[in-house]
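Here are a few exercises to work through with the model open in your viewer. Try each task before you read its solution.

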Amino acid sequence: MRRRLPLLPLAPLLVIVIGIAAAVTTTLLGVRQIRKTSDDEALSRATVVSAAMAARLRVTALEERGPLLTQAARGTGTEMLLVQQDGATIDNGSLDEFDRDEVVRMLVAEQGIAETASGRQRFATHPLDPPLEHLSVITMVSAPEDPPETLALARAVAAVTFLLVGVAAAVTLSYARAAHDEVDLARKRIEAMAEPDADPAGRPVPIRAFDEVGVVTVAFNTLVERFSAAEKSYRADLADAARIDHQRLEFLAGLSHELRTPLNAILGFSHVLESEVDGPLPDDARESVEIIRSSGEHLRTLIDDILDLSALESGELKLSRRSLDLRRASEEVVREARALAKHKGLKVGVEGAAPVLALADRRRVRQILTNLVANAVKFTRAGSVMLHVSEEGERAIVRVVDTGPGIRESEREAIFEAYRQSTDTKARYSGAGLGLATVKRLVLLHGGDIEVTSEVGKGSTFTVSLPLCSKSDQAEDGNRPSVPSVIPQVPSSRPGPT
(Lines give C-alpha, C1' and ligand atoms only; values in the text may rest on other atoms or scores of the structure.)
Protein backbone atom coordinates (compact mmCIF):
# COMPACT_ATOMS: atom_id res chain seq x y z
CA MET A 1 0.00 0.00 0.00
CA ARG A 2 1.45 3.34 -1.09
CA ARG A 3 1.96 5.84 1.67
CA ARG A 4 0.88 9.46 1.14
CA LEU A 5 2.04 12.57 2.88
CA PRO A 6 -0.70 14.36 4.83
CA LEU A 7 0.17 17.61 2.99
CA LEU A 8 -1.25 16.39 -0.34
CA PRO A 9 -4.99 16.24 0.56
CA LEU A 10 -4.80 18.64 3.50
CA ALA A 11 -3.52 21.78 1.75
CA PRO A 12 -6.28 22.05 -0.92
CA LEU A 13 -8.91 21.15 1.66
CA LEU A 14 -7.62 23.90 3.93
CA VAL A 15 -7.80 26.41 1.08
CA ILE A 16 -11.40 25.36 0.29
CA VAL A 17 -12.47 25.65 3.93
CA ILE A 18 -10.88 29.10 4.30
CA GLY A 19 -12.42 30.27 1.01
CA ILE A 20 -15.90 29.08 1.96
CA ALA A 21 -15.58 30.64 5.41
CA ALA A 22 -14.54 33.96 3.85
CA ALA A 23 -17.46 33.80 1.37
CA VAL A 24 -20.00 33.07 4.11
CA THR A 25 -18.63 35.91 6.23
CA THR A 26 -18.76 38.30 3.27
CA THR A 27 -22.32 37.26 2.44
CA LEU A 28 -23.52 37.72 6.02
CA LEU A 29 -21.94 41.15 6.25
CA GLY A 30 -23.41 42.12 2.85
CA VAL A 31 -26.92 40.93 3.77
CA ARG A 32 -26.72 42.82 7.04
CA GLN A 33 -25.70 45.99 5.21
CA ILE A 34 -28.44 45.54 2.57
CA ARG A 35 -31.08 45.14 5.26
CA LYS A 36 -29.88 48.25 7.03
CA THR A 37 -29.82 50.24 3.81
CA SER A 38 -33.28 48.98 2.85
CA ASP A 39 -34.69 49.97 6.24
CA ASP A 40 -33.05 53.39 6.06
CA GLU A 41 -34.42 54.02 2.57
CA ALA A 42 -37.92 52.88 3.59
CA LEU A 43 -37.83 55.18 6.65
CA SER A 44 -36.61 58.13 4.59
CA ARG A 45 -39.33 57.58 2.02
CA ALA A 46 -42.01 57.22 4.70
CA THR A 47 -40.81 60.47 6.33
CA VAL A 48 -40.84 62.45 3.07
CA VAL A 49 -44.20 61.11 1.97
CA SER A 50 -45.73 61.81 5.41
CA ALA A 51 -44.50 65.41 5.37
CA ALA A 52 -45.71 65.99 1.81
CA MET A 53 -49.11 64.40 2.47
CA ALA A 54 -49.56 66.40 5.68
CA ALA A 55 -48.96 69.64 3.77
CA ARG A 56 -51.38 68.62 1.05
CA LEU A 57 -54.17 67.52 3.39
CA ARG A 58 -54.01 70.82 5.35
CA VAL A 59 -55.30 72.69 2.26
CA THR A 60 -57.71 69.98 1.08
CA ALA A 61 -61.40 70.09 1.76
CA LEU A 62 -62.72 67.70 4.38
CA GLU A 63 -64.77 65.64 1.92
CA GLU A 64 -61.81 65.22 -0.45
CA ARG A 65 -59.28 64.05 2.16
CA GLY A 66 -60.29 60.37 2.04
CA PRO A 67 -60.11 59.92 -1.75
CA LEU A 68 -56.87 61.93 -1.86
CA LEU A 69 -55.29 59.74 0.84
CA THR A 70 -56.29 56.54 -0.96
CA GLN A 71 -55.09 57.83 -4.33
CA ALA A 72 -51.76 59.00 -2.90
CA ALA A 73 -51.18 55.65 -1.19
CA ARG A 74 -51.73 53.79 -4.43
CA GLY A 75 -49.59 56.20 -6.44
CA THR A 76 -46.63 56.03 -4.08
CA GLY A 77 -46.92 52.31 -3.28
CA THR A 78 -47.35 53.01 0.40
CA GLU A 79 -50.01 52.68 3.06
CA MET A 80 -51.38 55.81 4.80
CA LEU A 81 -53.55 56.68 7.75
CA LEU A 82 -55.12 59.98 8.76
CA VAL A 83 -55.62 59.79 12.50
CA GLN A 84 -56.41 61.95 15.48
CA GLN A 85 -54.11 62.42 18.44
CA ASP A 86 -56.28 60.11 20.55
CA GLY A 87 -55.67 57.19 18.13
CA ALA A 88 -58.94 57.35 16.22
CA THR A 89 -58.61 56.65 12.49
CA ILE A 90 -60.32 59.19 10.22
CA ASP A 91 -59.26 57.89 6.79
CA ASN A 92 -57.55 54.55 6.04
CA GLY A 93 -55.42 54.09 2.89
CA SER A 94 -54.16 50.74 4.06
CA LEU A 95 -55.15 47.15 3.47
CA ASP A 96 -55.21 46.51 7.19
CA GLU A 97 -57.21 47.76 10.11
CA PHE A 98 -55.41 49.23 13.12
CA ASP A 99 -56.78 49.45 16.62
CA ARG A 100 -56.53 52.58 18.69
CA ASP A 101 -53.66 51.30 20.88
CA GLU A 102 -51.51 50.49 17.86
CA VAL A 103 -52.14 53.91 16.38
CA VAL A 104 -51.28 55.63 19.67
CA ARG A 105 -48.02 53.59 19.80
CA MET A 106 -47.04 54.78 16.33
CA LEU A 107 -47.92 58.40 17.18
CA VAL A 108 -45.77 58.26 20.30
CA ALA A 109 -42.83 56.53 18.54
CA GLU A 110 -43.11 58.87 15.48
CA GLN A 111 -41.11 56.26 13.45
CA GLY A 112 -40.38 52.52 13.65
CA ILE A 113 -41.46 49.11 12.42
CA ALA A 114 -45.02 47.80 12.08
CA GLU A 115 -46.31 44.40 11.01
CA THR A 116 -49.29 44.60 8.67
CA ALA A 117 -51.17 42.32 6.30
CA SER A 118 -48.67 43.39 3.61
CA GLY A 119 -45.71 42.35 5.78
CA ARG A 120 -43.02 44.25 7.53
CA GLN A 121 -43.35 48.03 7.24
CA ARG A 122 -41.33 51.09 8.22
CA PHE A 123 -43.58 53.94 9.37
CA ALA A 124 -43.21 57.65 9.97
CA THR A 125 -45.75 60.14 11.41
CA HIS A 126 -46.15 63.82 10.65
CA PRO A 127 -48.76 66.19 12.21
CA LEU A 128 -50.73 68.65 10.14
CA ASP A 129 -50.07 72.33 10.69
CA PRO A 130 -52.53 74.55 12.64
CA PRO A 131 -55.40 74.79 12.76
CA LEU A 132 -55.36 70.99 12.10
CA GLU A 133 -52.57 70.09 14.53
CA HIS A 134 -54.88 67.51 16.16
CA LEU A 135 -54.54 65.39 13.00
CA SER A 136 -51.50 63.37 11.86
CA VAL A 137 -50.54 61.41 8.78
CA ILE A 138 -48.94 57.95 9.28
CA THR A 139 -47.09 56.60 6.19
CA MET A 140 -45.93 52.99 6.01
CA VAL A 141 -43.37 51.80 3.42
CA SER A 142 -42.61 48.09 2.81
CA ALA A 143 -39.30 46.98 4.37
CA PRO A 144 -39.06 43.17 4.02
CA GLU A 145 -36.72 41.14 6.27
CA ASP A 146 -34.92 39.71 3.22
CA PRO A 147 -34.77 42.29 0.44
CA PRO A 148 -34.48 40.97 -3.14
CA GLU A 149 -30.93 42.28 -3.31
CA THR A 150 -29.78 39.73 -0.72
CA LEU A 151 -30.48 36.80 -3.03
CA ALA A 152 -28.59 38.47 -5.85
CA LEU A 153 -25.67 39.14 -3.53
CA ALA A 154 -25.62 35.53 -2.34
CA ARG A 155 -25.57 34.25 -5.92
CA ALA A 156 -22.81 36.63 -6.95
CA VAL A 157 -20.64 35.76 -3.92
CA ALA A 158 -21.21 32.04 -4.48
CA ALA A 159 -20.13 32.30 -8.12
CA VAL A 160 -16.99 34.33 -7.31
CA THR A 161 -16.15 32.05 -4.40
CA PHE A 162 -16.49 28.92 -6.52
CA LEU A 163 -14.21 30.40 -9.16
CA LEU A 164 -11.53 31.75 -6.83
CA VAL A 165 -11.55 28.80 -4.45
CA GLY A 166 -11.36 26.37 -7.35
CA VAL A 167 -8.34 28.15 -8.81
CA ALA A 168 -6.66 28.42 -5.37
CA ALA A 169 -7.31 24.75 -4.60
CA ALA A 170 -5.90 23.71 -7.97
CA VAL A 171 -2.76 25.80 -7.47
CA THR A 172 -2.33 24.52 -3.91
CA LEU A 173 -2.84 20.94 -5.04
CA SER A 174 -0.20 21.44 -7.72
CA TYR A 175 2.34 22.78 -5.19
CA ALA A 176 1.45 20.08 -2.67
CA ARG A 177 1.85 17.37 -5.30
CA ALA A 178 5.21 18.79 -6.33
CA ALA A 179 6.36 18.82 -2.68
CA HIS A 180 4.99 15.30 -2.24
CA ASP A 181 6.90 14.10 -5.30
CA GLU A 182 10.11 15.64 -3.95
CA VAL A 183 9.69 14.01 -0.57
CA ASP A 184 8.64 10.72 -2.19
CA LEU A 185 11.77 10.73 -4.35
CA ALA A 186 13.94 11.31 -1.27
CA ARG A 187 12.09 8.53 0.57
CA LYS A 188 12.64 6.06 -2.27
CA ARG A 189 16.34 6.89 -2.41
CA ILE A 190 16.69 6.39 1.34
CA GLU A 191 14.77 3.09 1.18
CA ALA A 192 17.05 1.97 -1.65
CA MET A 193 20.06 2.76 0.52
CA ALA A 194 18.58 0.57 3.28
CA GLU A 195 18.48 -2.51 1.05
CA PRO A 196 20.90 -5.30 2.15
CA ASP A 197 22.80 -5.33 -1.15
CA ALA A 198 22.82 -1.55 -1.65
CA ASP A 199 25.89 0.67 -1.59
CA PRO A 200 26.21 1.93 2.00
CA ALA A 201 27.15 5.41 0.73
CA GLY A 202 24.06 5.65 -1.46
CA ARG A 203 23.48 8.20 -4.21
CA PRO A 204 22.76 11.92 -3.81
CA VAL A 205 19.13 12.98 -4.20
CA PRO A 206 18.62 15.42 -7.13
CA ILE A 207 17.58 18.93 -6.08
CA ARG A 208 14.56 20.02 -8.13
CA ALA A 209 13.26 22.86 -5.94
CA PHE A 210 14.66 25.52 -3.63
CA ASP A 211 11.91 25.42 -1.00
CA GLU A 212 12.05 23.74 2.41
CA VAL A 213 12.17 20.30 0.77
CA GLY A 214 15.16 21.46 -1.27
CA VAL A 215 16.92 22.61 1.89
CA VAL A 216 16.33 19.21 3.50
CA THR A 217 17.58 17.49 0.33
CA VAL A 218 20.78 19.55 0.35
CA ALA A 219 21.34 18.64 4.02
CA PHE A 220 20.71 14.95 3.27
CA ASN A 221 23.18 15.00 0.33
CA THR A 222 25.77 16.60 2.61
CA LEU A 223 25.17 13.83 5.14
CA VAL A 224 25.57 11.19 2.40
CA GLU A 225 28.87 12.76 1.30
CA ARG A 226 30.17 12.78 4.87
CA PHE A 227 29.04 9.20 5.39
CA SER A 228 30.78 8.19 2.15
CA ALA A 229 34.02 9.80 3.29
CA ALA A 230 33.73 8.21 6.74
CA GLU A 231 32.96 4.81 5.18
CA LYS A 232 36.03 5.03 2.92
CA SER A 233 38.17 6.04 5.87
CA TYR A 234 36.71 3.17 7.93
CA ARG A 235 37.43 0.65 5.18
CA ALA A 236 41.00 1.92 4.86
CA ASP A 237 41.49 1.71 8.64
CA LEU A 238 39.92 -1.76 8.66
CA ALA A 239 42.28 -2.92 5.91
CA ASP A 240 45.24 -1.50 7.83
CA ALA A 241 44.05 -3.20 11.01
CA ALA A 242 43.65 -6.53 9.18
CA ARG A 243 47.12 -6.17 7.70
CA ILE A 244 48.61 -5.31 11.08
CA ASP A 245 46.76 -8.20 12.72
CA HIS A 246 48.05 -10.60 10.07
CA GLN A 247 51.56 -9.30 10.63
CA ARG A 248 51.06 -9.71 14.38
CA LEU A 249 50.03 -13.33 13.95
CA GLU A 250 53.01 -13.99 11.70
CA PHE A 251 55.27 -12.32 14.24
CA LEU A 252 53.83 -14.39 17.11
CA ALA A 253 54.18 -17.59 15.10
CA GLY A 254 57.78 -16.79 14.23
CA LEU A 255 58.58 -15.64 17.75
CA SER A 256 57.01 -18.79 19.17
CA HIS A 257 59.15 -20.93 16.91
CA GLU A 258 62.31 -19.01 17.82
CA LEU A 259 61.51 -19.19 21.53
CA ARG A 260 60.43 -22.81 21.57
CA THR A 261 63.66 -24.11 20.03
CA PRO A 262 65.99 -22.95 22.84
CA LEU A 263 63.22 -23.43 25.43
CA ASN A 264 62.77 -27.09 24.48
CA ALA A 265 66.52 -27.54 24.77
CA ILE A 266 66.52 -25.96 28.23
CA LEU A 267 63.63 -28.15 29.38
CA GLY A 268 65.17 -31.26 27.86
CA PHE A 269 68.53 -30.77 29.57
CA SER A 270 66.82 -29.86 32.85
CA HIS A 271 64.95 -33.19 32.72
CA VAL A 272 68.25 -34.97 31.99
CA LEU A 273 69.90 -33.28 34.95
CA GLU A 274 66.96 -34.08 37.24
CA SER A 275 67.11 -37.74 36.22
CA GLU A 276 70.76 -37.72 37.41
CA VAL A 277 71.93 -39.81 34.44
CA ASP A 278 75.36 -38.24 34.63
CA GLY A 279 75.59 -38.67 38.36
CA PRO A 280 73.90 -37.49 41.52
CA LEU A 281 73.40 -33.78 42.06
CA PRO A 282 73.93 -31.85 45.27
CA ASP A 283 70.82 -30.51 46.93
CA ASP A 284 71.59 -26.93 45.91
CA ALA A 285 72.11 -27.96 42.27
CA ARG A 286 68.94 -30.08 42.27
CA GLU A 287 66.95 -27.08 43.58
CA SER A 288 68.46 -24.83 40.92
CA VAL A 289 67.59 -27.32 38.14
CA GLU A 290 64.04 -27.58 39.46
CA ILE A 291 63.74 -23.77 39.34
CA ILE A 292 65.05 -23.79 35.76
CA ARG A 293 62.54 -26.46 34.73
CA SER A 294 59.61 -24.73 36.51
CA SER A 295 60.46 -21.35 34.97
CA GLY A 296 60.81 -22.91 31.52
CA GLU A 297 57.43 -24.64 31.74
CA HIS A 298 55.86 -21.40 32.94
CA LEU A 299 57.35 -19.58 29.96
CA ARG A 300 56.06 -22.26 27.58
CA THR A 301 52.60 -21.89 29.14
CA LEU A 302 52.64 -18.13 28.53
CA ILE A 303 53.63 -18.69 24.90
CA ASP A 304 50.78 -21.17 24.45
CA ASP A 305 48.29 -18.71 26.02
CA ILE A 306 49.34 -15.88 23.72
CA LEU A 307 49.10 -18.08 20.63
CA ASP A 308 45.72 -19.53 21.61
CA LEU A 309 44.25 -16.11 22.37
CA SER A 310 45.53 -14.71 19.08
CA ALA A 311 44.07 -17.65 17.17
CA LEU A 312 40.71 -17.21 18.92
CA GLU A 313 40.58 -13.48 18.23
CA SER A 314 41.44 -13.94 14.55
CA GLY A 315 38.96 -16.80 14.12
CA GLU A 316 41.68 -19.20 12.95
CA LEU A 317 41.20 -21.70 15.75
CA LYS A 318 39.11 -24.63 14.51
CA LEU A 319 37.29 -27.19 16.64
CA SER A 320 36.97 -30.89 16.01
CA ARG A 321 33.78 -31.73 17.88
CA ARG A 322 33.12 -35.30 18.86
CA SER A 323 31.33 -37.18 21.58
CA LEU A 324 33.29 -36.55 24.79
CA ASP A 325 32.72 -38.07 28.25
CA LEU A 326 33.10 -35.09 30.59
CA ARG A 327 33.41 -37.33 33.64
CA ARG A 328 36.41 -39.15 32.16
CA ALA A 329 38.00 -35.90 30.94
CA SER A 330 37.55 -34.40 34.42
CA GLU A 331 39.19 -37.42 36.06
CA GLU A 332 42.20 -37.16 33.73
CA VAL A 333 42.65 -33.46 34.58
CA VAL A 334 42.30 -34.16 38.31
CA ARG A 335 44.99 -36.90 38.15
CA GLU A 336 47.41 -34.40 36.63
CA ALA A 337 46.59 -31.74 39.24
CA ARG A 338 46.96 -34.03 42.26
CA ALA A 339 50.74 -33.72 42.23
CA LEU A 340 50.61 -29.95 42.83
CA ALA A 341 47.62 -30.26 45.22
CA LYS A 342 49.44 -32.89 47.28
CA HIS A 343 52.21 -30.42 48.21
CA LYS A 344 49.55 -27.99 49.52
CA GLY A 345 47.53 -30.63 51.35
CA LEU A 346 44.43 -30.02 49.20
CA LYS A 347 41.74 -32.58 48.40
CA VAL A 348 41.03 -32.84 44.66
CA GLY A 349 38.30 -35.07 43.23
CA VAL A 350 35.42 -35.58 40.79
CA GLU A 351 31.78 -36.13 41.65
CA GLY A 352 28.67 -36.69 39.57
CA ALA A 353 27.06 -39.00 37.07
CA ALA A 354 28.91 -40.97 34.40
CA PRO A 355 28.96 -40.89 31.50
CA VAL A 356 27.97 -37.30 30.59
CA LEU A 357 28.50 -36.96 26.85
CA ALA A 358 29.16 -33.50 25.41
CA LEU A 359 29.60 -32.50 21.79
CA ALA A 360 33.00 -30.85 22.11
CA ASP A 361 36.66 -30.79 21.07
CA ARG A 362 38.51 -33.15 23.44
CA ARG A 363 41.75 -31.22 23.41
CA ARG A 364 40.09 -27.84 24.04
CA VAL A 365 37.86 -29.18 26.82
CA ARG A 366 40.97 -30.58 28.49
CA GLN A 367 42.55 -27.15 28.13
CA ILE A 368 39.46 -25.48 29.68
CA LEU A 369 39.33 -27.85 32.65
CA THR A 370 43.10 -27.76 33.16
CA ASN A 371 43.08 -23.97 33.37
CA LEU A 372 40.17 -23.87 35.80
CA VAL A 373 41.51 -26.64 38.06
CA ALA A 374 45.07 -25.28 37.99
CA ASN A 375 43.84 -21.80 38.94
CA ALA A 376 41.71 -23.22 41.74
CA VAL A 377 44.64 -25.25 43.12
CA LYS A 378 46.99 -22.29 42.78
CA PHE A 379 44.76 -19.83 44.68
CA THR A 380 43.41 -22.28 47.30
CA ARG A 381 45.60 -22.56 50.39
CA ALA A 382 43.56 -25.09 52.37
CA GLY A 383 40.49 -27.21 51.82
CA SER A 384 39.52 -28.79 48.52
CA VAL A 385 39.00 -28.40 44.78
CA MET A 386 36.11 -30.52 43.51
CA LEU A 387 34.66 -31.06 40.05
CA HIS A 388 30.92 -31.82 39.80
CA VAL A 389 29.69 -33.28 36.48
CA SER A 390 25.96 -33.42 35.59
CA GLU A 391 23.32 -33.08 32.89
CA GLU A 392 20.82 -30.22 33.03
CA GLY A 393 18.30 -30.15 30.22
CA GLU A 394 20.20 -30.21 26.93
CA ARG A 395 23.45 -29.10 28.58
CA ALA A 396 26.45 -30.93 29.98
CA ILE A 397 27.60 -29.12 33.14
CA VAL A 398 30.98 -29.08 34.91
CA ARG A 399 31.33 -27.08 38.12
CA VAL A 400 34.79 -26.39 39.56
CA VAL A 401 34.28 -25.63 43.27
CA ASP A 402 37.15 -24.46 45.47
CA THR A 403 37.55 -23.19 49.04
CA GLY A 404 39.93 -20.41 48.08
CA PRO A 405 39.84 -16.67 48.94
CA GLY A 406 36.90 -15.92 46.62
CA ILE A 407 36.45 -13.12 44.09
CA ARG A 408 34.91 -9.72 44.70
CA GLU A 409 31.68 -9.02 42.83
CA SER A 410 33.19 -5.97 41.12
CA GLU A 411 35.94 -8.17 39.59
CA ARG A 412 33.94 -11.19 38.43
CA GLU A 413 33.51 -9.87 34.91
CA ALA A 414 37.01 -8.41 34.65
CA ILE A 415 38.79 -11.71 35.35
CA PHE A 416 37.60 -13.03 31.95
CA GLU A 417 39.28 -10.13 30.13
CA ALA A 418 42.75 -10.55 28.64
CA TYR A 419 45.67 -9.41 30.80
CA ARG A 420 43.43 -8.84 33.83
CA GLN A 421 43.81 -10.42 37.26
CA SER A 422 42.31 -9.95 40.70
CA THR A 423 43.48 -6.79 42.44
CA ASP A 424 43.68 -8.58 45.78
CA THR A 425 47.41 -8.47 46.47
CA LYS A 426 47.17 -11.39 48.88
CA ALA A 427 45.86 -13.64 46.15
CA ARG A 428 48.05 -12.49 43.26
CA TYR A 429 50.45 -14.92 41.66
CA SER A 430 52.68 -14.81 38.62
CA GLY A 431 50.93 -14.97 35.24
CA ALA A 432 49.87 -12.86 32.26
CA GLY A 433 46.14 -12.99 32.97
CA LEU A 434 45.35 -14.90 29.76
CA GLY A 435 44.10 -18.22 31.14
CA LEU A 436 40.50 -17.30 31.97
CA ALA A 437 40.23 -15.09 28.88
CA THR A 438 41.18 -18.10 26.74
CA VAL A 439 38.80 -20.35 28.69
CA LYS A 440 35.83 -18.06 28.11
CA ARG A 441 36.50 -17.75 24.40
CA LEU A 442 36.89 -21.52 24.01
CA VAL A 443 33.62 -22.13 25.87
CA LEU A 444 31.76 -19.60 23.71
CA LEU A 445 33.31 -21.12 20.58
CA HIS A 446 31.67 -24.42 21.59
CA GLY A 447 28.30 -22.67 21.87
CA GLY A 448 28.43 -22.94 25.66
CA ASP A 449 28.59 -20.55 28.56
CA ILE A 450 30.68 -19.95 31.69
CA GLU A 451 29.59 -18.31 34.92
CA VAL A 452 31.26 -17.63 38.25
CA THR A 453 29.71 -17.35 41.70
CA SER A 454 31.84 -16.49 44.67
CA GLU A 455 31.86 -15.34 48.26
CA VAL A 456 34.93 -13.60 49.60
CA GLY A 457 36.68 -15.80 52.12
CA LYS A 458 34.62 -18.93 51.30
CA GLY A 459 35.60 -19.89 47.76
CA SER A 460 34.42 -19.74 44.17
CA THR A 461 32.43 -21.88 41.74
CA PHE A 462 33.10 -21.79 37.99
CA THR A 463 30.23 -23.37 36.01
CA VAL A 464 30.86 -24.47 32.41
CA SER A 465 27.92 -25.57 30.26
CA LEU A 466 28.44 -27.31 26.91
CA PRO A 467 25.98 -28.79 24.39
CA LEU A 468 25.02 -32.41 25.01
CA CYS A 469 25.92 -34.96 22.36
CA SER A 470 22.77 -36.29 20.67
CA LYS A 471 22.34 -39.84 19.44
CA SER A 472 22.74 -38.75 15.83
CA ASP A 473 26.04 -37.06 16.70
CA GLN A 474 27.20 -40.23 18.45
CA ALA A 475 26.32 -42.28 15.36
CA GLU A 476 28.31 -39.92 13.14
CA ASP A 477 31.31 -40.17 15.47
CA GLY A 478 31.33 -43.94 14.98
CA ASN A 479 31.54 -43.54 11.19
CA ARG A 480 34.36 -41.00 10.91
CA PRO A 481 38.04 -41.07 11.92
CA SER A 482 39.24 -38.94 14.77
CA VAL A 483 40.93 -35.74 13.61
CA PRO A 484 42.67 -33.53 16.19
CA SER A 485 41.82 -29.85 16.43
CA VAL A 486 44.40 -27.56 14.92
CA ILE A 487 45.70 -24.07 15.54
CA PRO A 488 47.26 -22.95 12.26
CA GLN A 489 50.28 -21.22 13.80
CA VAL A 490 51.88 -23.52 16.38
CA PRO A 491 50.45 -26.55 18.18
CA SER A 492 49.96 -26.03 21.88
CA SER A 493 50.98 -28.57 24.51
CA ARG A 494 50.21 -27.20 27.92
CA PRO A 495 50.97 -29.29 30.99
CA GLY A 496 50.44 -26.74 33.71
CA PRO A 497 48.32 -23.82 34.94
CA THR A 498 48.32 -20.32 33.54
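**Exercise 1.** Find the side chain that makes a polar contact with the side chain of Arg-327, then work out whether Arg-327 is buried or exposed.

*Solution.* This is a predicted model, so you're reading computed geometry throughout.
- Step 1: go to helix α7, residues 326-344, where Arg-327 sits.
- Step 2: look for the polar partner. The side chain of Glu-331 is 2.9 Å from that of Arg-327.
- Step 3: check accessibility. Arg-327 comes out at 17%, and the cut-off for buried is under 20%, so Arg-327 counts as buried.
- Step 4: list who's around, skipping residues up to four places away in sequence. Arg-327 touches Val-350, Glu-351, Gly-352, Ala-353, Ala-354, Val-356 and Val-389.

**Exercise 2.** Work out the strand order of the five-stranded open sheet and place α7 against it.

*Solution.*
- Step 1: trace the order, which is β7-β9-β10-β12-β11, with mixed pairing.
- Step 2: pick out the edges. β7 (347-352) and β11 (449-455) each pair on one side only.
- Step 3: get the twist. Ignoring direction, neighbouring strands are turned by 15° against each other on average.
- Step 4: zoom in on one pair. β7 runs parallel to β9 (residues 384-392) over six bridges, and Glu-351 stands opposite His-388 in β9.
- Step 5: add the helix. α7 lies across β7, β9, β10 and β12, at about 170° to β7.

**Exercise 3.** Which residues of the largest nonpolar core touch the most other members, and which helix gives the most to this core?

*Solution.*
- Step 1: recall the background. Nonpolar side chains tend to be buried together in soluble globular proteins.
- Step 2: rank the 38 core residues by contacts with other members. Leu-326, Leu-372, Ile-450 and Phe-462 come out on top.
- Step 3: sort by helix. α8 (residues 362-379) gives the most, with seven residues.
- Step 4: follow one hub. Beyond four places in sequence, the neighbours of Ile-450 include Leu-372, Phe-416, Val-443 and Phe-462.
- Step 5: don't miss the second, separate core. It has 14 residues, among them Met-53, Leu-57, Leu-68 and Leu-135.

**Exercise 4.** Track down the cis peptide bond and a positive phi outside glycine.

*Solution.*
- Step 1: know what's usual. Most peptide bonds are trans, and most residues other than glycine have a negative phi.
- Step 2: scan omega. Pro-130 and Pro-131 are joined by a cis bond with omega about 5°, and Pro-131 is in the loop between β4 and β5.
- Step 3: scan phi. Glu-110 has about 70°; Glu-110 is in the loop between α3 and β3.
- Step 4: check accessibility. Glu-110 counts as exposed because its value is 52%.

Terms used:
Residues numbered from 1 in each chain as written. Predicted model: local features only at pLDDT ≥ 70, side-chain atom pairs only at ≥ 80, totals over all residues. Heavy atoms only, no water. Helix = DSSP H or I, 4+ residues; strand = E, 2+ residues; numbered from the N terminus. Buried < 20%, exposed > 50% of the residue type's maximum accessible area, 1.4 Å probe, protein only. Polar contact = N/O pair within 3.5 Å; in protein donor to acceptor, adjacent residues only side chain to side chain. Contact = heavy atoms within 4.5 Å. Core = buried A, V, L, I, M, F, W, Y, C linked by side-chain atoms within 4.5 Å. Pairing = 2+ DSSP bridges. Axes fitted to C-alpha atoms, helices over the stretch in contact; angles between N-to-C directions.
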